[in-house]
Amino acid sequence: LAGFLNTLEFNLQSNVNLAAADNSTITISNIEGADADGTAAVEVLKDGSNAAGLFCVGGVATNSSFGTWNAVSEALTLRVCTGKTLEAGAVHVVRWVVTN
């Protein structure tokens, strides 16, 4: 329903390590109808445990994870933070709250 909050959940699992040193970026596209801020706060779990600070805007890790939302291309971009790695084989769950 338009105007209501909706939690989107994405499961990510890579067969190789994705590290900031390699400029690793994940783009999730075709997210039609979502309304969100350009800097998107996301919750990240790794194998069920909190993995805050894995993704960030500007390269610097904090106690939270962030992506970049582009409403025109309907895409969420997640950049691995400096000093962080999305480990191969681990299941990472990304949750993002948007408005329909």
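## A friendly first look: salt bridges, strands and a disulfide

Glutamate 9 and arginine 95 form a salt bridge, with their closest N and O atoms 2.7 Å apart. Glutamate 9 belongs to strand E1 (residues 5–12) and arginine 95 to strand E9 (residues 92–99), so this pair ties together parts that are 86 residues apart in sequence. Please keep in mind that the model is predicted. The salt bridges make a good starting point, followed by strand E6, the disulfide and threonine 85.

**Salt bridges**

- The count of salt bridges comes to three.
- Arginine 95 also forms a salt bridge with glutamate 43, where the closest N and O atoms are 3.6 Å apart. Because glutamate 43 lies in strand E4 and arginine 95 in strand E9, this pair connects parts 52 residues apart in sequence.
- Glu9, Glu43 and Arg95 are thus joined in a network of salt bridges.
- The members of this network are partly exposed: glutamate 9 has a relative accessible area of 46%, glutamate 43 has 40%, and arginine 95 has 29%.
- Elsewhere, the side chains of lysine 46 and glutamate 87 meet in a salt bridge, at 3.0 Å from N to O. Lysine 46 sits in strand E4 and glutamate 87 in the loop between E8 and E9, so the pair ties together parts 41 residues apart in sequence.
- Both partners are partly exposed, with relative accessibility of 37% for glutamate 87 and 27% for lysine 46.

**Strand E6 and its partners**

- Side chains alternate along E6: Ser65, Gly67 and Trp69 point to one face and are buried, whereas Phe66, Thr68 and Asn70 point to the other face and are not.
- E6 pairs with strand E4 (residues 39–46) in the antiparallel sense over four bridges. Phenylalanine 66 in E6 is the bridge partner of alanine 41.
- E6 also runs antiparallel to E7, joined by three bridges, and threonine 68 stands opposite threonine 77 in E7.
- E6 and E7 make a hairpin with four residues between them, and glutamate 74 in the turn has a positive phi of about 55°.

**The disulfide**

- The whole structure holds one disulfide. It is formed by cysteine 56 and cysteine 81, whose sulfur atoms are 2.3 Å apart.
- Cysteine 56 is in the loop between strands E5 and E6, and cysteine 81 is in the loop between strands E7 and E8, 25 residues apart.
- Both cysteine 56 and cysteine 81 are buried.

**Threonine 85**

- Threonine 85 is located in strand E8 and is partly exposed, with a relative accessible area of 32%.
- Beyond its neighbours within four places in sequence, threonine 85 is in contact with Asn17, Leu18, Ala19, Leu54 and Val80.

Note on methods: Residues numbered from 1 in each chain as written. Predicted model: local features only at pLDDT ≥ 70, side-chain atom pairs only at ≥ 80, totals over all residues. Heavy atoms only, no water. Disulfide = S-S within 2.5 Å. Helix = DSSP H or I, 4+ residues; strand = E, 2+ residues; numbered from the N terminus. Buried < 20%, exposed > 50% of the residue type's maximum accessible area, 1.4 Å probe, protein only. Contact = heavy atoms within 4.5 Å. Pairing = 2+ DSSP bridges. Salt bridge = Lys/Arg side-chain N within 4 Å of Asp/Glu carboxyl O.
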